[in-house]
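Trainee: I'd like to learn how to read side-chain features off a model. Could you walk me through one?

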Amino acid sequence: MVHDMLYPSPEEEARTHKLKRLVQSPNSYFMDIKCPGCFQITTVFSHAQTVVTCAGCNIHLCEPTGGKARLTEGCSFRKKVD
């Protein structure tokens with residue numbers, strides 16, 4: 001099987017470690033989370049280490065785990081772009 005190391009596929013590039021990619025890039029990102037109760041949008045880091053609550057209705061939007069933050073049931077999110 002032929003393997004091109006100069007031009008890896010996007011799927012293969014995503015599986016590799018963040019420091020061993022052809023161009024180094026982080027796995028983390030900022031995201032906008034929409035509250036299921038009041039539909040207010042809050043910006044949260046993907047690897048948040050504290051519980052994030054909604055400023056409007058005090059509902060927990062996400063809770064920390066060992067790596068990425070876990071969103072609560074009913075919350076929708078989207079990745080922020082530059």
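Mentor: Sure, and let's start with a term we'll need throughout: a residue counts as buried under 20% relative accessible area, as exposed over 50%, and as partly exposed in between. Lys80, with a relative accessible area of 42%, is therefore partly exposed. Keep in mind that this is a predicted model.

Trainee: Got it. How many salt bridges does the structure hold?

Mentor: For a salt bridge, look for a side-chain nitrogen of Lys or Arg within 4 Å of a carboxyl oxygen of Asp or Glu. The structure holds three of them. Take Lys80 again: its side chain meets that of Asp32, at 3.3 Å from N to O. That pair links distant parts of the chain, with Asp32 in strand β1 and Lys80 in the segment after β6, 48 residues apart.

Trainee: And which side chain meets Asp32 in a salt bridge at 3.5 Å?

Mentor: That one is Arg78, again counting N to O. Here too the pair links distant parts of the chain: Asp32 is in strand β1 and Arg78 in strand β6 (residues 76–79), 46 residues apart. Put the pieces together and you get a network of salt bridges linking Asp32, Arg78 and Lys80.

Trainee: Is Asp32 buried or exposed?

Mentor: Asp32 has a relative accessibility of 9%, so it counts as buried. Arg78, on the other hand, counts as exposed, because its value is 55%.

Trainee: Which residue forms a salt bridge with Arg70?

Mentor: Glu63 does, and the closest N and O atoms are 3.2 Å apart. Both ends are worth checking for accessibility: Arg70 is partly exposed at 49%, and Glu63 is partly exposed at 35%. Now look at the backbone, where Glu63 stands opposite Arg70 in β5.

Trainee: How do β4 and strand β5 pair?

Mentor: They pair in the antiparallel sense, over two bridges, with β5 covering residues 70–71. A hairpin through six residues joins β4 to β5.

Trainee: What about strand β3, then: how many bridges join it to strand β4?

Mentor: Two bridges, and those strands run antiparallel, β3 being residues 52–53 and β4 residues 60–63. Val52 stands opposite Cys62 in β4. β3 and β4 also form a hairpin, with six residues between them. While you're in that turn, check the phi of Asn58, which is positive at about 60°.

Trainee: Let's turn to the cysteines. How many disulfides does the count come to?

Mentor: The test is a pair of cysteine sulfur atoms within 2.5 Å. By this rule the count comes to zero. For Cys54, the closest cysteine sulfur is in Cys38 at 3.5 Å, so that is too far for a bond. Cys57 is in no disulfide either, and the nearest cysteine sulfur, that of Cys35, is 3.4 Å away.

Trainee: Are those two, Cys54 and Cys57, buried, partly exposed or exposed?

Mentor: Cys54 counts as buried, at 1% relative accessibility. Cys57 is partly exposed, with a relative accessible area of 30%.

Trainee: Now the rings. How many aromatic pairs does the structure hold?

Mentor: With ring pairs, read the distance between centres and then the angle between planes. There is one aromatic pair here. Phe30 and Phe45 form it, at 5.2 Å centre to centre with 55° between the planes, and the pair is tilted. Phe30 lies in strand β1 (residues 30–34) and Phe45 in strand β2 (residues 41–45), so the pair ties together parts that are 15 residues apart in sequence. Phe30 is partly exposed at 47%, and Phe45 is partly exposed at 33%.

Trainee: Which residue lies over the face of Tyr29?

Mentor: Lys79 does, at 4.5 Å from the ring centre.

Trainee: One last exercise: which residues is Thr42 in contact with, leaving aside its neighbours within four places in sequence?

Mentor: Thr42 lies in strand β2. Setting those neighbours aside, Thr42 is in contact with Met31, Asp32, Ile33, Val52 and Leu61. Thr42 has 17% relative accessibility, so it counts as buried. You'll recognise Asp32 in that list, which is also linked with Arg78 and Lys80 in the network of salt bridges.

Conventions
Residues are numbered from 1 along each chain as its sequence is written. This is a predicted model: local features need pLDDT of at least 70, side-chain atom pairs count only at pLDDT 80 or more; totals for chains, interfaces and linings use all residues. Side-chain values use heavy atoms; hydrogens and water are left out. Rings of Phe, Tyr and Trp (its six-membered ring) pair if their centres lie within 6.5 Å; planes under 30 degrees apart count as stacked, over 60 as edge-to-face and the rest as tilted. Helices (H or I, at least four residues) and strands (E, at least two) are DSSP runs, numbered from the N terminus. Buried means under 20% relative accessible area, exposed over 50%, partly exposed in between (1.4 Å probe, protein chains only). A charge sits over a ring if NZ of Lys or CZ of Arg is within 6 Å of the ring centre and within 35 degrees of the ring normal. Contact means heavy atoms within 4.5 Å. Two strands pair if DSSP finds at least two bridges between them.
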